[in-house]
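Hi,

Here is the structure I said I'd pass along. Have a look at it first, and then read my notes underneath.

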Amino acid sequence: MTDDQARTPAVVTGVDGSTEARAGLEWAAAEAERRGLPLKVVHALSMPVVTSVYAGRTRFPPTEEISRQGERILEKEADHVRRLHPDLEVLTELALEEPPVALLRRSGPGDLIVVGSRGFGPVRSALAGTAGVRLAARATCPVVVVPHHEGDAGTPAAPERIVVGVDGSLDSQHALDFALHTAARSENGSVVVVNSWEAPTPFASPALIASGWTPPEDFLDRQSEEIVAGVLAEVIDETVDRVDLSVVRTRKEPVTALVEAGAEADLIVVGSRGRGGVRGLFLGSVSQGVLHSATVPVAVLPRHADTGE
């Protein structure tokens, strides 16, 4: 049995004392309680790495004051979620690395990573800017980025209305599976499947596309219907059959279609990349676009992620 097989799954989140990170913490705690999993709260000290001719690369040790400050942040945030969720198991850990590396090293298959961000369109916070993108590209589990809005307070509502992007790829199949099982945890859970007609066509040459040619609308409609039906057939089972399911097929650009459909949703779910992506290196343009534009929580399912379902 490997370490990943032996370890207990958890919801993993990072805190830095900011209101943005607090929003992610509260969402993570509520989701951990819904899933019956422990919550692992990590504070990254981001200690610099120094290079020595004799010792090689070593990470600079924190001073006693830096360590105490980190412990104070952890204690404050852990106490906050324990007040909101008295029965939740809350674990804390002080890390020396940068936030993305700290969370990646403390998570694995079967986990869920949650980070906070500013809820103003483009992601700017330290935890969910480049960190969120790096996490979603490299994690072996789903990553949820939670925006902070002024006035947010208390326990976040369960994600009942979920919007998910589907394009026929394996990534989108994982995303749909995650969306359906997340919605199934709520009595009134629903999933809206969004498929953009901006899909590859097998006979459209680059020259035709460059000249402005587009395939007939009825062809695109049939192709879209087949794509959605095929992915649904792969993931639907008796555990999600009570989830209210609807489909939106559109010619809008994929990011626009998902952000518009998810404007009033509790969660948008996307795969890390669509067709033809290079595994494990970068996020696809759609997942990055949704992360930077959505004002609701966004879950990214890396291609190599274990959804834990």
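Below is what I found, starting with the overall picture and then going through a few regions.

First, a word of caution: this is a predicted model. The chain has a mean pLDDT of 82, with 78% of its residues at 70 or more. Two stretches to treat with care are residues 1-5, where pLDDT stays under 50 and the model has two contacts beyond four places in sequence, and residues 274-282, where pLDDT is also below 50. That second stretch does have 21 contacts in the model beyond near neighbours in sequence. Where pLDDT is low, the predicted coordinates should not be read in detail.

Overall, the protein chain has 309 residues, 50% of them buried, and its secondary structure comes to 10 helices and 12 strands. If you take the contacts with a separation of 6 or more, 78% are between residues 24 or more positions apart.

Now the start of the chain. Strand E1 (residues 11-14) sends Val 11 and Thr 13 one way and Val 12 and Gly 14 the other, and all of these are buried. E1 pairs with strand E2 (residues 39-44) in the parallel sense, over four bridges; Val 12, for instance, has Lys 40 of E2 as its bridge partner. Add helix H2 and you have a right-handed β-α-β unit made of E1, H2 and E2.

H2 itself covers residues 19-35, and its 17 residues reach 24 Å from first C-alpha to last, close to the 24 Å expected. The helix is largely enclosed by the rest of the structure, because 13 of its 17 residues are buried. After H2 comes Gly 36, with a positive phi near 70°.

One residue to click on is Glu 77, in helix H3 (residues 64-84). Is it buried or exposed? Glu 77 is buried, at a relative accessible area of 2%. Leaving out residues up to four places away in sequence, Glu 77 touches Val 15, Gly 17, Arg 22 and Leu 25.

Next, the nonpolar interior. The largest nonpolar core has 43 residues, and the members touching the most others are Leu 39, Leu 176, Val 191 and Val 269. Which helix gives the most to this core? That is H6 (residues 170-183), with six residues. Apart from this core lies another, of 31 residues, including Leu 104, Ala 257, Ile 268 and Ala 294.

H6 is largely enclosed too, since 12 of its 14 residues are buried. Its buried residues include Leu 176, Phe 178 and Leu 180, but also Asp 171, His 174, Asp 177 and His 181. The end C-alpha atoms of H6 are 20 Å apart, which agrees with the span of 20 Å that its 14 residues should have.

Two residues show what packs around H6. Beyond four places in sequence, Val 191 is in contact with Leu 176, Ala 179, Leu 180 and Ala 183, among others, and its partners also include Ile 162, Val 164 and Val 243. Val 166 sits in the loop between strand E8 (161-165) and H6 and is buried, with a relative accessible area of 4%. Among the residues Val 166 touches are Ser 172, Leu 176, Ile 227 and Val 231. Asn 195 is another contact of Val 166; the two are 29 residues apart in sequence but 5.3 Å apart in space, C-alpha to C-alpha.

Cheers

Note on methods: Residues are numbered from 1 along each chain as its sequence is written. This is a predicted model: local features need pLDDT of at least 70, side-chain atom pairs count only at pLDDT 80 or more; totals for chains, interfaces and linings use all residues. Side-chain values use heavy atoms; hydrogens and water are left out. A nonpolar core is a set of buried Ala, Val, Leu, Ile, Met, Phe, Trp, Tyr and Cys residues joined through side-chain atoms within 4.5 Å. Buried means under 20% relative accessible area, exposed over 50%, partly exposed in between (1.4 Å probe, protein chains only). Helices (H or I, at least four residues) and strands (E, at least two) are DSSP runs, numbered from the N terminus. Contact means heavy atoms within 4.5 Å. The expected span of a helix is 1.5 Å times one less than its number of residues. Two strands pair if DSSP finds at least two bridges between them. A crossover is right-handed if, with the strands pointing away from the viewer, the path from the first strand over the helix to the second runs clockwise. pLDDT is the predictor's confidence in each residue, from 0 to 100.
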